[in-house]
Amino acid sequence: MLELERITARRNELDTLAEELAKKLAEVQAEREELVIAEQVLHRLTEQDRAVAEAAAAVAPAAARVAGRAVLLIPHRGGTGDEAALPADYRKILAIVRAADGPVQVRAVGEELGLEVTVRGKLEPLRAKMTKLADRGWLHKRPEGRFAARSQA
């Protein structure tokens, strides 16, 4: 009889252990399914990021070398005037000039960009960018040195 009690006790222990393992297995399977879904989402996001990067690279201005230094070429304004081909800082300058009521001075654009306008040397790179935009047809440079959006010229 003692043997029968030990067998029954051991069987009960094993049944309890089997129930615990079944619960643990269900938890593991649920977490694994979540990880599979997370992996699929990450793959999809990576593919989207790659597509966005390739699209951005397709419209990015071409880099060139001048005197051994890399420079960014600002494209001439075409018939469509696609601003996406311009670097971000040039697009900001265009937006500021277009938002103005009329022709603007370099100082006003510098203030909008948060530059130290009291220091003349801080405005010269901005003046060069605006002149480059004017030379490429994106802006119009007035004789008095102010700049206007192309549609205002």
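## A look at helix H2

The buried residues of helix H2 are Tyr90, Ile93, Leu94, Ile96 and Val97. Look down the helix axis and these buried residues fall within an arc of 165°, so they line one face of H2. Flip to the other side of H2 and you'll find Lys92 and Ala99 exposed. Keep in mind that this is a predicted model.

**The whole chain**

- The protein chain has 4 helices and 4 strands.
- If you read along the sequence, they come in the pattern α-β-β-α-α-α-β-β.
- Out of 153 residues in the protein chain, 19% count as buried.
- Take the contacts in the chain with a separation of 6 or more: 44% of them come from residues 24 or more positions apart.

**The length of H2**

- H2 runs over residues 88-99.
- Does the length add up, and what should it be? At 1.5 Å a residue, the 12 residues of H2 should span 16 Å, and the end C-alpha atoms are 16 Å apart, so the two agree.

**Where H2 meets H3**

- H2 packs against helix H3 (residues 106-113) at an angle of about 115°, and their axes are 10 Å apart.
- The crossing of these two helices is right-handed.
- On the H2 side, the contact is made by Lys92, Ile93, Ile96 and Val97, while H3 brings in Val109, Glu112 and Leu113.
- Sorted by class, that contact has 5 nonpolar and 2 charged residues, with no polar ones.
- Some names turn up twice: Ile93, Ile96 and Val97 are buried, and they also help make the contact with H3.
- Lys92 takes part in that contact too, yet Lys92 is exposed.

Definitions and conventions: Residues are numbered from 1 along each chain as its sequence is written. This is a predicted model: local features need pLDDT of at least 70, side-chain atom pairs count only at pLDDT 80 or more; totals for chains, interfaces and linings use all residues. Side-chain values use heavy atoms; hydrogens and water are left out. Axes are lines fitted to C-alpha atoms, for helices over the stretch in contact, and angles run from 0 to 180 degrees between N-to-C directions. A crossing is left-handed if the near helix is turned anticlockwise from the far one by less than a right angle, and right-handed if clockwise. Contact means heavy atoms within 4.5 Å. Ala, Val, Leu, Ile, Met, Phe, Trp, Tyr, Cys and Pro count as nonpolar, Asp, Glu, Lys and Arg as charged, and the others, Gly among them, as polar. The expected span of a helix is 1.5 Å times one less than its number of residues. Buried means under 20% relative accessible area, exposed over 50%, partly exposed in between (1.4 Å probe, protein chains only). The arc is that of the directions from the helix axis to the C-beta atoms.
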